[in-house]
Amino acid sequence: MRHNEPQSFLQKLYKYRTYLLGLVILVVGIASIVGVQAHQKNATEADSTSVAQTKGPTAHEIKSQQKQLKHKVNRYLKSVTADDTASVSFYNLGPTTGSSAAKSKTARRFYKQGKLATSANAHTPEVSASTYKLFIAAYLFHQNHLGNYNWTLTEKDGFQRMIVNSENDFAEGVLDAYGLTTVDDFIASEGWYAPTFVANQASVTTAYSLTLLLKKLALQQAPFNHAHDQQWLLSLMNKQIYRTGIPAGAATAKKGTVVADKVGFLGDTNNDAAIVTLPNGQRYVLVIMTHGHGQNGFSGFPRMAKITTHIQKMMYNPKIVKNLNK
């Protein structure tokens, strides 16, 4: 009787070679599938990161930063108006078309018109001083559009002196010719504070009303919807001679900043209403009305300059957009 001899390890491998080959193929296949999936996952994550970087900050991130900045600025405005001797109104206009700020998608989104508007004590009627001459300008443009007023050389000269030198004779002549009530009715029809003019009293308005007017002027909206009117008035405001308020403060915050403004000074009242354009094209409206503090002449203008510098540096800190793009 013959006994089966024990098979060697190699003989066993050879015997089961078919099964072993199939197992190897299976393992290699699984490993390949896992490798492909891992590669696809990494590629997807890389693509997602690339897309996120291209899109910039999310809408939620933009809104959150806007809210924080508005809160910070508003807290400052409340501090400088706490004693009721100042009114401040800020409105961001967004960047001018074609400017470096406009070319930045993040800057366009963050500084979108009106998204950072804030104020303190801006609805309180205050002595307007010569800022009321902006309402006279608006009224005359309106009358001219209706065909009820013609710009003679004499009228143009008077208008220029009213804005550039803040002389009173031309503005007072307009009020005498048309009547206080008629001009007040126009002001009210525009949604601005009225009555501004009351017989034998100093004219009054609010920082908010002046902001609304300057917003219309900046955006070329009626009654400043004729390009010639708008550019003429802005050019005169650019060269008005009292520059130690908002213009000085804006230039301190950023050299090269351009300011078109109209000031007012009467007794202890010092006011300034401005459209400000930064070198990178960002624009904003700022109105500051002050009194008290022993002010006389132009002594309150440095106070307005300091407020302007602080607001502009906070609102247009270049780190804001830079950090949002990270």
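A residue is called buried when its relative accessible area is under 20%. By that cut-off, nine of the nine residues of strand S7 are buried in this predicted model, so the strand is largely enclosed by the rest of the structure. S7 spans residues 282–290, and it makes a good starting point for a tour of the fold.

In a regular strand the side chains alternate between the two faces of the sheet. Strand S7 shows this nicely: Gln-282, Tyr-284, Leu-286, Ile-288 and Thr-290 point one way, while Arg-283, Val-285, Val-287 and Met-289 point the other way. Residues of both sets are buried.

Strands of a sheet pair through backbone hydrogen bonds, either parallel or antiparallel. Here, five strands make up an open sheet with antiparallel pairing, in the order S2-S1-S7-S6-S5. At its edges are strand S2 (118–120) and strand S5 (258–266), each of which pairs on one side only. On average, neighbouring strands of the sheet are turned by 5° against each other, with direction ignored.

The individual pairings can be followed from S7 outwards. Nine bridges connect S7 to S1 in the antiparallel sense, with Tyr-91 standing opposite Val-285. Strand S1 (residues 86–95) is in turn joined to S2 by three bridges, again antiparallel; one of the partners here is Val-88, which is matched with Ala-120 of S2. On its other pairing, S7 meets S6 over eight antiparallel bridges, and Asp-272 has Ile-288 of S7 as its bridge partner. Four residues lie between the strands in the hairpin of S6 and S7, where Gly-281 adopts a positive phi near 100°.

Helices also contact these strands. Helix H3 (residues 59–80) packs on the sheet and touches S1 and S2, its direction making about 20° with that of S2. Helix H11 (residues 246–253) lies across S5, S6 and S7, and runs at about 45° to S6.

What lies inside the protein? The largest nonpolar core holds 45 residues, of which Ile-136, Leu-140, Phe-159, Leu-214 and Leu-233 touch the most other members. Helix H5 (residues 133–145) contributes the most to this core, giving eight residues. Leaving aside residues up to four places away in sequence, Leu-140 touches Tyr-149, Trp-151, Phe-159, Phe-170, Val-174 and Tyr-178. Another core, of 33 residues, lies apart from the largest one and includes Ile-62, Leu-77, Val-80 and Ile-288. Ile-288 is thus a residue to remember, as it is also the bridge partner of Asp-272.

A polar residue can be buried too. Gln-240 sits in the loop between helix H10 (227–238) and H11, and its relative accessibility is 2%, so it counts as buried. Its side chain reaches the backbone oxygen of Tyr-242 at 2.6 Å, and a polar contact of 3.0 Å links it to the side chain of Asp-261. Beyond residues up to four places away in sequence, Gln-240 touches Ile-163, Val-164, Asp-261 and Val-263.

How confident is the prediction? The protein chain has a mean pLDDT of 89, and 83% of its residues reach 70 or more. Over residues 1–5 the pLDDT is below 50, and this stretch has zero contacts in the model beyond near neighbours in sequence. Residues 42–53 likewise have pLDDT below 50 and zero contacts beyond near neighbours in sequence. Where pLDDT is low, the predicted coordinates should not be read in detail.

Technical notes
Residues numbered from 1 in each chain as written. Predicted model: local features only at pLDDT ≥ 70, side-chain atom pairs only at ≥ 80, totals over all residues. Heavy atoms only, no water. Pairing = 2+ DSSP bridges. Helix = DSSP H or I, 4+ residues; strand = E, 2+ residues; numbered from the N terminus. Axes fitted to C-alpha atoms, helices over the stretch in contact; angles between N-to-C directions. Contact = heavy atoms within 4.5 Å. Core = buried A, V, L, I, M, F, W, Y, C linked by side-chain atoms within 4.5 Å. Buried < 20%, exposed > 50% of the residue type's maximum accessible area, 1.4 Å probe, protein only. Polar contact = N/O pair within 3.5 Å; in protein donor to acceptor, adjacent residues only side chain to side chain. pLDDT = per-residue confidence, 0-100.
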